[in-house]
Structures are given as structure tokens and as C-alpha cells.
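Subject: Structure for you to look at

Hello,

Here is the structure I promised to hand over. Please open it first, then read my notes next to it.

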Amino acid sequence: MATIIMTRSKTFQAYLPNCHRTYSCIHCRAHLANHDELISKSFQGSQGRAYLFNSVVNVGCGLAEERVLLTGLHAVADIYCENCKTTLGWKYEHAFESSQKYKEGKFIIELAHMIKDNGWD
């Protein structure tokens, strides 16, 4: 009979430099994005306003699915905080309309799930 040993790997958080304005998960304070990666503040999430980012950290990605959003049909994957597992928004995997192609590979994080950290004074 074989013995199965279950191990749990530790989730390592990426820490963004303190000298930059950053956005963190409001639930656990894990860093999510550097302000320099912000593309737009004029997006709408499922729970209100949302920001579009070029890149994020400490975020896991679910399976892509097609959804009809305010700007048309997109293939998106929900994203979640790797630390506390809260769903934060989504990643644009594919845009079906040519005017929306700029969103591909970008990330939406809803304001309800993030807080500003470091150097906003």
C-alpha cells in the first residue's frame, strides 16, 4: 500500500516598491498593481466602478468564458487575490470587436476590492 503525503505550497506575495503609489486588496492588503500600470479609471464592473490595468501581481486567473459586457462580447476570465481568494474583477482574454482589441491581456479590478497604498499624499 502506497503512502500519500500531502503538502501545501506557500503562496509567495510580490511586494511592489514603497516608493511607488500602489493599489492593494482591501480585504487582506496584498499588493495588486502599481499606479504606473493604470490605463483607465472609466470602467464599470459588476459591483460598480472599476479600473483597467496593464499588469497586476498576486492575482490568480480562472477559466475564460464569453460574456456580453457593456462594450460587446468578450472572452474574459475572473481574477482573484492569491492571498485571500476574493474575486477582484476579470482579465480580457479576447475581444470580438476590433474597436475593443486594446483590452486583450489587460485586467479590470473593481474599486470595491482595492485600496490605495504608499505615497498618495
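**Salt bridges**

Start with arginine 67, which forms a salt bridge with glutamate 65; their closest N and O atoms are 2.7 Å apart. Keep in mind that this is a predicted model. Glutamate 65 is partly exposed, because its relative accessibility is 41%. The pair also belongs to a wider group: Glu65, Arg67 and Asp78 are linked in a network of salt bridges.

Why can such pairs form? Side chains of opposite charge can pair when their charged atoms come close.

How many salt bridges are there by this rule? The count is 5. Here are two others to find:

- Lysine 85 meets glutamate 82 through their side chains, at 3.4 Å from N to O. Lysine 85 is partly exposed, at 48% relative accessibility. Glutamate 82 is partly exposed too, at 26%.
- Lysine 101 bridges to glutamate 104, and the closest N and O atoms are 3.3 Å apart. Lysine 101 has a relative accessible area of 35%, so it counts as partly exposed. Glutamate 104 is also partly exposed, at 27% relative accessibility.

**Cysteines**

How many disulfides does the structure hold? The number is 0. Look at cysteine 84 to see a case. Its closest cysteine sulfur is in cysteine 25, 3.7 Å away, so the two are too far apart for a bond. The cut-off for a disulfide is 2.5 Å between the sulfur atoms. Cysteine 84 is partly exposed, at 29% relative accessibility. Cysteine 61 is partly exposed as well, with a relative accessible area of 38%.

**The chain as a whole**

Now step back. The protein chain has 9 strands and 0 helices. Along the sequence the pattern reads β-β-β-β-β-β-β-β-β. The chain has 121 residues, and 39% of them count as buried. About 7,400 Å² of the chain is exposed, and carbon and sulfur atoms supply 51% of that area.

Contacts also reach along the sequence. Take those in the protein chain with a separation of 6 or more: 47% of them join residues 24 or more positions apart.

**A sheet to trace**

Strands of a sheet pair through backbone hydrogen bonds, either parallel or antiparallel. Which sense applies in the open sheet of 3 strands? Its pairing is antiparallel, and the strand order is 2-1-9. Strand 2 (31–34) and strand 9 (114–117) stand at the edges. Each has a single partner strand, so one side of each is left without a neighbour in the sheet. Neighbouring strands in this sheet are turned by 30° against each other on average, direction ignored.

Zoom in on one pairing. Strand 1 covers residues 22–25 and pairs with strand 2 over 3 bridges, in the antiparallel sense. One residue to check is threonine 22, whose bridge partner in strand 2 is asparagine 34.

**A loop residue**

Is glutamine 100 buried or exposed? Glutamine 100 counts as buried, because its relative accessibility is 11%. The cut-off for buried is under 20%. Glutamine 100 sits in the loop between strand 7 (87–95) and strand 8 (107–110). What does glutamine 100 touch, leaving out residues up to four places away in sequence? The residues are Thr71, His74 and Ala95.

Best wishes

Key:
Residues numbered from 1 in each chain as written. Predicted model: local features only at pLDDT ≥ 70, side-chain atom pairs only at ≥ 80, totals over all residues. Heavy atoms only, no water. Helix = DSSP H or I, 4+ residues; strand = E, 2+ residues; numbered from the N terminus. Buried < 20%, exposed > 50% of the residue type's maximum accessible area, 1.4 Å probe, protein only. Contact = heavy atoms within 4.5 Å. Areas by Shrake-Rupley, 256 points an atom, 1.4 Å probe, with all protein chains shown as cover. Salt bridge = Lys/Arg side-chain N within 4 Å of Asp/Glu carboxyl O. Pairing = 2+ DSSP bridges. Axes fitted to C-alpha atoms, helices over the stretch in contact; angles between N-to-C directions.
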